[in-house]
Protein chains: 2
Amino acid sequence: MNTGTLQRNRQAAGNVPAPHRYEQLAELIVDTIDNGTLAPGERLPSVRAVSEQHGISISTVLQAYRLLEDRGVLVARPQSGFYVAATQGGTLALPSASRLRSKASTVSISGAVAALLEHASNPALVPLGCAVPDAALLRSHRLDLALARAARQHGDRHNVYGTPRGDPRLRREISRRAMRIGHALSPDDVVITNGCTEAFTLALSAVARPGDTIAVESPTYFGFLHTLEVLGLKVLELPTDPVEGIHIEAFARLLDAGPVAACLLSSSFSNPLGVSMPDARKRELLALLARHGVPLIEDDVYGDIHFARERPTPFIALDGGANTLYCSSFSKSLAPGYRVGWIAPGKYAQQVVDRKLAFSLCSPVLPQVALADFLASGAYDAHMRRLRRLLEENLRHLTRAIEASFPAETRVSRPAGGFALWVELPRGFDSRALFDAALELGICFAPGDVFSASRRFRNCLRLSAGWRWSERIEEGVRRLGQLAGRQHRS
Amino acid sequence: MNTGTLQRNRQAAGNVPAPHRYEQLAELIVDTIDNGTLAPGERLPSVRAVSEQHGISISTVLQAYRLLEDRGVLVARPQSGFYVAATQGGTLALPSASRLRSKASTVSISGAVAALLEHASNPALVPLGCAVPDAALLRSHRLDLALARAARQHGDRHNVYGTPRGDPRLRREISRRAMRIGHALSPDDVVITNGCTEAFTLALSAVARPGDTIAVESPTYFGFLHTLEVLGLKVLELPTDPVEGIHIEAFARLLDAGPVAACLLSSSFSNPLGVSMPDARKRELLALLARHGVPLIEDDVYGDIHFARERPTPFIALDGGANTLYCSSFSKSLAPGYRVGWIAPGKYAQQVVDRKLAFSLCSPVLPQVALADFLASGAYDAHMRRLRRLLEENLRHLTRAIEASFPAETRVSRPAGGFALWVELPRGFDSRALFDAALELGICFAPGDVFSASRRFRNCLRLSAGWRWSERIEEGVRRLGQLAGRQHRS
């Protein structure tokens, strides 16, 4: 990850007030670090020197240094000065690419998923297992007020079955925002769902029949595996690199060997590996899928949580939606409790609407109305700028805490968005044993094997940084690292 | 249906204020009609005579007569006096029992269902096609205020993923109310769903695999058929009598002939036939299903809209839940826009929770909190007393309008609850042609063939009386009857 994104995010903010002097200085320092002039661990010029050099007050320089210290870019050492922090993930290697499994398998993961989710929602545990930002970070109050207003003023009007496609105003707001993903959508292209979970469930049900095979990256989100299990679908786990994504040549060989009904991908800052495939690789994958007539179900639920100036280009923008069913939601970025997701199903629209009707008839009306009001107010952009910065800081904290406390052989992902890290320990490490030991200490995380139908990745874990960073969480990571170290040495 | 329910409902009301003198007199008259002392069409004693006989003022007697006129119990004839109205369904025969089909069939109904729902939600059409009460009848304002309060005061706290089983307080309130259906439930027995549609979808997915056969009454709710289609299930349409319900002996023979994965029934005032099987028949059906190890999926979404003093006993109360997955919702009785349903899945709890997790993760939190608050306030009981009376009046109006305008050979159901009538025209009548002609006149209803996978019942239609009764609706029924008459004669 690139610390220059601090600056670029600011530039991307558009019509925000001009930055203060100390913010301008902070951005300059970040640039200097990014372009390599200042290296990790290097001491910064003294406050006085910078003050004189730039003709600004000492307090302004101090303000800039402290801002960067808060953000984890600089480290203050007493009686010594400010130093460039070790960059995120700088001291640990990236996770290894997953290996090929050439056979599709049935899935049997529901018990493990249910058990994990129960622990992950237990507020008594240090929350490293939850793939959702804390309500305190999300600060949904403006949205909640919009809901209160809609209920009080127009409750009667909205106490009807909505259309299966969802509230027309919300679909219009979503299609307006679609310009930002680089793909034009009309309100009629969008179907509102009960979170992204219903979106990809409808998509899978629309394109596949029980017994069919669905290709996924590996490791993959356990919720995908769970839905595949319930729909009676088989899974083909594709070898995946933490930077390049799916190994396309291997996938091509698998497609030649047997039919695949769809490819299901978390496309931006994927859960759990944090991959965003480079655009060129995305195009190769789309071309491969098109050649074989295999639709792509794209889950872009983390796409709005990008730390770089631009969000990753989703697949749907690269193939013009020709072969893509695009799924997203507001659960990771604003309102997990509202359960509002959506799908742009392209040529599968009729099948998806049919299934929406059959599975849940329509979505609750008032939460949709509130979200439409919130989006129309323009508040979402400022909200996301704030949230991205907070989650980027969280990930930086989490990375440094892992570097400081896990065994030196640990590998860790370096996602450019989202709020989860994939942590790989040496082969033979048992994250299930770590999970049990951690629960004893009041710490929850997601053990690696729930991210695979073949229960691989037992030496891995996913740690989430969706909660407001705190002493308690930092201490939790530290103790987890110590536990891992003890287990590793024993 | 029994006009005495007016009185009994009042008695059942509990702690309401004592009735006025004119209301007491009205109840006495209703009793006199119910016990046969006054027959349909008979003239009532003059206002003066009753005044003298009971020692009450003439205006009080007039008030009582007018109240009963408003409710459709009496008819005023100018210069003549008040007469007992023809009782509901009194002049037309009941629909005939449906016939046996001995083979299960695949379902292909989604296009017809989607088209019907689109017309049914078009506010420009006279709304005889909608199986949901009008927002003006439902008057959800208190619930909406509870939602506004919850959002404003506790939005942050609830902006999290709920548990897949649903809000604990709502489950407690629902289980408290379960005493009224005669079956004890604990909060842990209940899973909250996105309306009853998700409830029966989860139930079907939990007990059946694609290709399996599901037995339903015939005609049956088209939403059932649609979900069966999407889940790849076959349907076995059971011969059904409008009074006795499913023909159990025929079902027994079918069960001997081939496997059935589940029986799916709308159990109280079924949609569209209006059946509530007598308890003895229910027990026979349960015994038959138990012998064959076939679970019963019971949809009791209309059960709270009973006109008699007591609601029908649901199957779950008769078998203690041993073999029943009980589904319900608040969509027909309070809040279609909120999409809150529930299921008591009994021994299939784990499978149902697994599927809830896989299909939609969890339900939106704030609507559940609002509904829990509303139920805890005790407001639901008064709400339902009011709504039952309104819907009973609506059905009476609709029945009389049908009697007055449809061909004399028309048969019509006489449900003791709910708000829909099943109208059967002579064999050869084409309700699809009527549907098209009615749309031209701005009138929507549900043609009979969407209630059957084999597209039977083309000579039938379902008319709903969920909208506030009005000149416009009365006129719509009248014109529909005239259209039907012209088509019948031609």
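**Exercise 1. Work out whether Ile109(B) is buried or exposed, and find its surroundings.**

Step 1: count. Ile109(B) has 22 other C-beta atoms within 10 Å, so Ile109(B) is buried. (A residue is buried if 20 or more other C-beta atoms lie within 10 Å of its own, exposed if 12 or fewer, and partly exposed in between; C-beta atoms are placed from the backbone.)

This is a predicted model, in which local features need pLDDT of at least 70 and side-chain atom pairs count only at pLDDT 80 or more, while totals for chains, interfaces and linings use all residues. Residues are numbered from 1 along each chain as its sequence is written, and chains are lettered from A and ligands numbered from 1 in the order in which they are written.

Step 2: place the residue. Look in the loop between β2 (81-84) and α5 of chain B, and there's Ile109(B). (Helices, H or I with at least four residues, and strands, E with at least two, are DSSP runs numbered from the N terminus.)

Step 3: list the contacts. Setting aside neighbours within four places in sequence, Ile109(B) is in contact with Phe222(B), Leu225(B), His226(B), Glu229(B), Val450(B) and Ala453(B). (Two residues are in contact if their C-beta atoms, placed from the backbone, lie within 7 Å.)

Step 4: check a distance. Arg427(B) lies 318 residues from Ile109(B) in sequence, and their C-alpha atoms are 22 Å apart in space.

**Exercise 2. Describe the side of chain B that touches chain A.**

Step 1: get the totals. Chain B puts 52 residues into the contact, and chain A puts in 52 residues.

Step 2: find the elements. Those giving two or more residues on the chain B side include α5 (110-120), α9 (195-207) and α10 (222-230) of chain B. The largest share, seven residues, comes from α7(B).

Step 3: sort by class. On this side of chain B you'll find 25 nonpolar, 19 polar and eight charged residues. (Ala, Val, Leu, Ile, Met, Phe, Trp, Tyr, Cys and Pro count as nonpolar, Asp, Glu, Lys and Arg as charged, and the others, Gly among them, as polar.)

**Exercise 3. Trace the open sheet of eight strands in chain B.**

Step 1: read the order. The strands go β4-β11-β10-β9-β8-β5-β6-β7 (chain B), with mixed pairing. (Two strands pair if DSSP finds at least two bridges between them.)

Step 2: find the edges. They are β4 (191-194) and β7 (245-246) of chain B, each pairing on one side only.

Step 3: zoom in on one pair. Strand β6 (residues 234-241) of chain B runs antiparallel to β7(B), joined by two bridges. Across this pair, Thr240(B) stands opposite Ile246(B) in β7(B).

**Exercise 4. Find which residues of α17(A) are buried, and what covers them.**

Step 1: pick out the buried residues. In helix α17 (residues 431-440) of chain A, these are Ser431(A), Leu434(A), Phe435(A) and Ala438(A). They cover an arc of only 105° around the axis, so they sit on the same side of α17(A). (The arc is that of the directions from the helix axis to the C-beta atoms.) An α-helix has 3.6 residues a turn, so residues three or four places apart point the same way.

Step 2: flip the helix over. The face turned away from the buried side of α17(A) carries the exposed residues Asp436(A) and Glu440(A).

Step 3: look for the cover. It includes β14 (443-444), β15 (446-447), β16 (460-464) and α18 (471-489) of chain A.

Step 4: step off the end. Just after α17(A), Gly442(A) takes a positive phi of about 80°.

**Exercise 5. Follow β16(A) into its sheet.**

Step 1: read the order. This open sheet of four strands goes β12-β13-β16-β15 (chain A), with antiparallel pairing. Its edge strands are β12 (411-412) and β15 of chain A.

Step 2: look at the partner. Five bridges join β16(A) to strand β13 (residues 420-424) of chain A, and Trp422(A) stands opposite Arg462(A) in β16(A).

**Exercise 6. Place Asp299(A) and say why this residue counts as buried.**

Step 1: locate. Asp299(A) is in strand β9 (residues 296-299) of chain A.

Step 2: count. Asp299(A) is buried because 29 other C-beta atoms lie within 10 Å.

Step 3: list the contacts. Beyond residues up to four places away in sequence, Asp299(A) touches Cys196(A), Phe200(A), Leu265(A), Ser266(A), Ser267(A) and Cys327(A).
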